[in-house]
Amino acid sequence: MTAALNRLLPDGDLGLAVSGGPDSLALLLLAARTRPGRVRAATVDHGLRPESAGEAAMVAACCAELGVPHDRLTVSVEPGASLQAQAREARYASLGEWAAGHGLAAVATAHHADDQAETLLMRLARGSGVGGLAGIREERALAEGIRLVRPLLGLRKAELVALVDSTGWSAVDDPSNHDPRHDRTQARALLAETPWLEPERLARSAAALADAAEALEAMTAREWAEEVRREREALAYRPSPLREIRRRIAAQAIGELNPNAAVRGPDLDRLIGALDGGSGGTLAGVMVRVAGGEWLFRLAPPRRT
Ligand SMILES: Nc1ncnc2c1ncn2[C@@H]1O[C@H](COP(=O)(O)OP(=O)(O)OP(=O)(O)O)[C@@H](O)[C@H]1O
């Protein structure tokens, strides 16, 4: 983890997202050891379970033992269909604000190789493309000037649990981790009962796909700069012979014209199929037609009610 952390964050103070589960307590122990005096921890209290305030207090006590400053961040989440997704969004937003307020260069979460393997299986089961199969990224932007880093992706959960056990701390057990309705719980069970599915190897595939995704992102950026023209309200693009590149350019063009667009992969594939066949289509409020060998993207006129 030291090598990963030094690579991901050579300088600057590090924030730690510590829920109180075994993974993030291990992150706390390792980071406090690696960067003494240069870490600060936070626990986000979503207020969704009666135990959450007590769990934050437990993390505060562990931090005090190690001399790491700790903050409890409270967020409010409206109960509803996408509770987990809302909680995640609120959590990352509050961690970003917290990091900015304390001048931290990055925030680390405790995602590990088993999380990565589960993510990869879940994404395969959903039919994801290269970007999705890249899994949990080792690094991404969290907020303006602040990185989100995952220095534990190379370590197994069992190693993290053993480390925490050796301190005598007792970690929080989040009941949602055992909920069989979550596809992550099912992926975890499948991995546990299938010896030939080795988490390290799946994590290695995810890392290879992350590299491939990065290369494709760079190619797409170059293609955009060289081949996409703005024509008044429209974007014009002479499609690349490479399907993945023209697919990415189409997604970016739609996002550029309609920043609120949420484009699903299968819908995008259908549109690309139509454009490749010479006909047009509309996706996420953006009309696309083929003219003179080019794809022309423009916002669809508002629908009459
Ligand atoms: N309440 C919390 N407070 C602080 N950090 C948290 C909290 N919940 C999760 N984290 C951080 O995120 C890591 C991953 O947690 P978890 O697997 O529960 O998240 P997730 O819902 O799968 O989110 P993600 O979309 O980031 O994978 C934890 O190890 C920890 O570092």
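A residue is taken as near a molecule or strand when its C-beta atom, placed from the backbone, lies within 6 Å of it. By that yardstick, 13 residues surround the ligand, and the closest are Ala17, Ser19, Val44, Thr109 and Ala110. The model is a predicted one: local features need pLDDT of at least 70, side-chain atom pairs count only at pLDDT 80 or more, and totals for chains, interfaces and linings use all residues. Residues are numbered from 1 along each chain as its sequence is written.

The shell around the ligand splits into 4 nonpolar, 6 polar and 3 charged residues. Here Ala, Val, Leu, Ile, Met, Phe, Trp, Tyr, Cys and Pro are nonpolar, Asp, Glu, Lys and Arg are charged, and the others, Gly among them, are polar. Helix H2 (22-34), strand E2 (39-45) and helix H4 (83-101) each chip in at least two shell residues. Helices (H or I, at least four residues) and strands (E, at least two) are DSSP runs, numbered from the N terminus.

UniProt, in an unreviewed entry, puts a "binding site" at Ser19, Gly20, Gly21, Pro22, Asp23 and Ser24. UniProt positions follow the numbering used here, feature names are shortened, and annotations may be inferred rather than shown by experiment. Ser19 sits in the loop between strand E1 (14-17) and H2, while Pro22 belongs to helix H2. Ser19 counts as buried because 23 other C-beta atoms lie within 10 Å; for Pro22, also buried, the number is 22. The cut-offs are 20 or more for buried, 12 or fewer for exposed, and partly exposed in between, with C-beta atoms placed from the backbone.

Leaving out neighbours within four places in sequence, Ser19 is in contact (C-beta atoms, placed from the backbone, within 7 Å) with Ser24, Thr43 and Val172. With residues up to four places away likewise set aside, Pro22 touches Leu160, Val161, Val164 and Ala171.

Terms used. Contact = placed C-beta atoms within 7 Å.
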